[in-house]
Every structure is written in structure tokens, then in C-alpha cells.
Amino acid sequence: MISAPDRMPLPREFFDRPVLEVAPDLLGRTLVRTMPEGRIVLRITEVEAYAGEADPGSHAYRGRTERNASMFGPPGHAYVYFIYGMWFSLNLVCGPEGTASGVLLRGGEVIEGAGLARKRRPKARHDHELAQGPARLATALDVDRTLNGTDLCAGPDAPLRVLEGTPVPRGSIRNGPRTGVGGDGAHHPWRFWADGDPTVSRYRAHVPRNRGKAQQ
């Protein structure tokens with residue numbers, strides 16, 4: 001259970017900052033997913049920053065599209081996308097409105113509502129695997145495109161909110177290259193995680209797709 005001092009919602013001003021400030025500051029915060037059947041509370045342990053049109057690894061690198069429109073703000077909203085034709089991923093939009101930047105939630109610890117999360121992640125062998133990786137996180141929290149554009153600062157009835165939680169001390173935050181990002185954005189050290197936390201996913205470098213085989 002989250003304690004009273006940790007239940008204060010993060011204000012919109014928290015998200016209205018440069019993405020490289022917001023991303024590490026999200027570690028240790030609590031994400032609340034409210035559904036008709038109950039709620040799941042997740043302590044955020046791993047994130048990646050994406051800097052929009054200045055970042056070759058970002059969906060918004062080539063400008064605004066119907067798919068990435070939520071990334072352009074306002075800050076404090078959700079950007080949800082479908083990837084590989086199989087999985088959803090949840091991002092928190094930050095920076096001033098009109099620019100495109102967001103933080104991908106890569107991993108977290110389910111601290112409330114584990115039973116609900118297990119129903120969606122029955123193959124998880126241990127609780128620390130329930131939200132270990134962005135696809136698992138979105139699946140455990142029942143996140144899909146219907147939540148794209150959700151206002152995280154709308155109030156206690158919102159389906160997604162972010163609370164103060166207990167920020168990870170700066171000395172316990174590590175960073176390195178983002179997982180699976182290739183090209184000019186491959187080496188940006190914009191993945192941040194809580195050192196030693198078992199819910200952090202394993203790093204995987206980008207592996208170029210063999211287009212020749214894919215066409216056979």
C-alpha cells in the first residue's frame with residue numbers, strides 16, 4: 001500500500017520540463033491504473049527518454065503524424081503506441097506544448113493490485129516479472145490505444161495518474177544506451193534505471209532486421 005505522504009499527485013509543472021530532467025526524476029514515482037474491477041499501483045523503476053524531432057530514435061523525429069500527435073502535448077498526458085503488431089507501450093509526455101518529447105515506461109514493481117496484474121500476465125513466473133519491460137508493463141496494467149492522450153493530471157477518477165511516491169536517490173540511478181534503438185540514436189545514454197532493482201529489464205542492443213529473409 002502507498003502511504004499518505006506518497007499519494008500527492010504530480011502537478012503538470014513536473015512534466016513541463018526537458019525530457020532529460022523528467023526521465024530520471026520519474027524513478028520511484030507511483031503510477032496508478034484505475035479500472036472498474038480495481039486498481040494497480042506501480043513503482044516506476046526503469047524509463048527511456050525520447051526527444052522528439054531532435055532525436056533520431058523518436059517516433060516524432062520526422063514531424064507530427066496522426067500516430068504521434070499526443071507526443072506534442074500538452075505535458076502530463078499519455079502517449080500509447082502499438083509495436084510489432086503485438087504490444088502496446090506507455091509513454092508520459094513532457095516538455096512545453098508544441099514540442100514532442102516523452103518518457104517510455106520500461107519497468108516497474110507492482111506494489112498494489114498484483115492479483116489483477118497476474119490475470120493479464122499469467123505466464124509471469126515471479127511478481128518482479130509482471131511489469132519487467134515495456135510490453136509486459138502495458139499488458140499488466142491493461143494499457144491500450146484507448147488510453148492514448150489521457151490526462152495524467154485530471155484528478156482521482158482518471159484511469160492513469162502519477163503520484164509523488166519515493167524518488168530514487170540520485171546516487172542509485174544508472175543510465176546507458178536505450179534498448180533496441182539503432183541508427184544515429186543508438187548510443188544516446190537516455191535509459192535510466194534504479195540500480196540493482198529486480199524489475200529492471202535486461203539491456204538488448206538493436207539488431208537490424210534481415211529484410212531479405214523477411215521477403216522470402
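This report describes two buried side chains, Arg178 and His77, and the nonpolar cores of the structure.

The model is predicted, so that local features need pLDDT of at least 70 and side-chain atom pairs count only at pLDDT 80 or more, while totals for chains, interfaces and linings use all residues. Residues are numbered from 1 along each chain as its sequence is written, and side-chain values use heavy atoms, with hydrogens and water left out.

Arg178 is placed in the loop between β7 (173-176) and β8 (191-194), strands being DSSP runs of E with at least two residues, numbered from the N terminus. Arg178 counts as buried because its relative accessibility is 1%, the cut-off for buried being under 20% relative accessible area with a 1.4 Å probe and protein chains only. His77, in the loop between β2 and β3 (78-83), likewise counts as buried, at 13%.

The table gives polar contacts of these side chains, that is, pairs of N or O atoms within 3.5 Å, where one must be able to donate a hydrogen and the other to accept it, and residues adjacent in sequence count only if both atoms are side-chain atoms.

| Side chain | Partner | Distance |
|---|---|---|
| Arg178 | Asp55 side chain | 2.6 Å |
| Arg178 | Ala49 backbone oxygen | 2.9 Å |
| His77 | Pro74 backbone oxygen | 3.1 Å |

The largest nonpolar core (buried Ala, Val, Leu, Ile, Met, Phe, Trp, Tyr and Cys residues joined through side-chain atoms within 4.5 Å) has 43 residues, of which Phe15, Leu26, Leu31, Val47 and Leu90 touch the most other members. Strand β2 (residues 38-50) supplies the largest share of this core, five residues. Apart from this core lies another of 10 residues, including Met71 and Val181.

Definitions and conventions. Helices (H or I, at least four residues) and strands (E, at least two) are DSSP runs, numbered from the N terminus. Buried means under 20% relative accessible area, exposed over 50%, partly exposed in between (1.4 Å probe, protein chains only).
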